[in-house]
Amino acid sequence: MNKNSSGFTFLFASVMVIIVAILLSLAVIGLGPYQEQNVKIEKMQDILSSIRIRTESKDAEKVFNQYIQDQVVLNNKGEKVTGEISAFDIDLKKELDKAKTGDTDKQLFPLFVFKKDGKIYYTIPTRGKGLWGPIWGYIALEADMNTVYGASFDHKGETPGLGAEINTEEFQKQFVGKKILDESGNFVSVKVIKGGAAPDDIHGVDAVSGGTITSNGVTEMLKRTIGNYLPYFNSMKDSTGN
Amino acid sequence: MATETSVAPVVVKKQREAPFSVKNRKLLKDPLNDSNPITVQVLGICSALAVTVQMKPSIVMALSVMVVTAFSNLMISAIRNIIPDRIRIIVQLVIVASVVILVDQVLKAFVYDVSKQLSVFVGLIITNCIVMGRLEAYAMGNKPWPSFLDGIGNGLGYGLILVIVSAIRELFGSGKLMGFRVVPDFFYEKGYFNNGLAILPPMALIIVGILIWIQRSKNPKLIESEK
């Protein structure tokens, strides 16, 4: 058959496409387990970052299990839920999206409780919108469920040098010591302030210069997602008589 | 009377080229200097700007481009005589895209930290003109093994430039090399600042321009004759 005939061209294209599809599928299926493991390790590293522990990938799982005290799943009323899904495996994006369809009573929120040097810390996963795509992170509160112990953030495609700065140590360490409740115990969250927060502002940190929209995304994300845990925190405080 | 002399056709036995003959070694050496893909062929500039902020991603990117170019060259060369003309470019694209996806998947599975830094760029390898450029210029008209070597050679030439540019940008832009702090602390205390321009893309272009300048003044083969 002449290689330039329509028949051969069609045949060639079809065979090539089938072979390529098979090869790529095999590769993705074969490599899948390794990739999932890497994503899992990375999640553990990010959560540990929020309680100010840095790990290498090879130690992440061990260190995580060393410090983790409890992995709690909460519903939107702040009640503990036990069921098929573990806190670690909850897809936060899916849970938060349930609010869009009005299914807030079906939402499940993961909470990670750590014990470090004898003290308890609560790590809350957060997720929101940056300028170009999603942003997410983990924020750890001390046992008083008010003071921030640490935070780690990341993003998918924010601008390097601008919005992308939210995943740097410099941005994240600002959150240490800030408080999410005001003097009367009302939830005010921590705001990322354009132009800089006042030095004595316990509810504000400096925004990224040139990364206003991403910074605003962080503010919004923190307010919305930490807010989901207030029912649980309040019930904890009531039961201890605070 | 016509005299027909029948002459037995002279059969010239095609010499099989030794795998690393002088001609094949040239395929590896030339792209490092005389026909460097970035400074002479002026291909692959875009990724040279984006990835060279630090050395480590640059090296991984260079290795990825080398692997993709070499194996795409090899595969296209192997089927070069049966590719229908009308779908030639599309076939090249499919092969390159598949190799790139494979490279991306392997990186994600085995060097996850690095693959995150490269994320977007790995997918952009297919748009790197070096890959398509070498396919058209060499692989479509040459045998598989030399085509493979040509891919390796061009990958090395590309890598050489990437390493030089990224070393300069990382050193002056962050005071580090390969992630290790090189500029001592007392420099910063005396008032030394990391150069902010170095981590922005235009710096890569400036450095490449300077490299082209240096290369042309030193390499006699690249000096164009006076008209």
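Me: Before we look at pairs, what counts as strand pairing here, and which residue is the bridge partner of A:Ile124 in S4(A)?

Reply: Two strands pair if DSSP finds at least two bridges between them. In this predicted model, S3(A) and strand S4 (residues 134-142) of chain A are joined by 9 bridges in the antiparallel sense. Within S4(A), A:Ile124 has as its bridge partner A:Ile139.

Me: Nice! How many residues does the hairpin from S3(A) to S4(A) run through?

Reply: The strands concerned pair in the antiparallel sense. The hairpin that links S3(A) with S4(A) has a connection of 4 residues.

Me: And on the other side, which residue takes a positive phi in the hairpin of S2(A) and S3(A)?

Reply: Strand S2 (residues 108-116) of chain A runs antiparallel to strand S3 (residues 119-129) of chain A, with 5 bridges between them. A:Lys116 sits opposite A:Lys119 in S3(A). There are 2 residues between the strands, and the one with a positive phi near 50° is A:Asp117.

Me: Over to chain B: are H1(B) and H7(B) roughly parallel or roughly antiparallel to each other?

Reply: Helix H1 (residues 22-29) of chain B packs with helix H7 (residues 144-174) of chain B at about 30°, their axes lying 7 Å apart. Angles under 35 degrees count as roughly parallel. The two helices, H1(B) and H7(B), are therefore roughly parallel.

Me: Great, and how many nonpolar residues does the contact of H1(B) with H7(B) have?

Reply: H1(B) contributes B:Asn24, B:Leu27 and B:Leu28, while H7(B) brings B:Pro146, B:Leu149, B:Asp150, B:Ile152 and B:Gly153. Sorted by class, the contact has 2 polar and 1 charged residues, and its nonpolar residues number 5.

Terms used:
Residues numbered from 1 in each chain as written. Chains lettered and ligands numbered in written order. Predicted model: local features only at pLDDT ≥ 70, side-chain atom pairs only at ≥ 80, totals over all residues. Axes fitted to C-alpha atoms, helices over the stretch in contact; angles between N-to-C directions. Parallel < 35°, antiparallel > 145°, perpendicular 65-115°, else oblique. Contact = placed C-beta atoms within 7 Å. Nonpolar A, V, L, I, M, F, W, Y, C, P; charged D, E, K, R; others polar.
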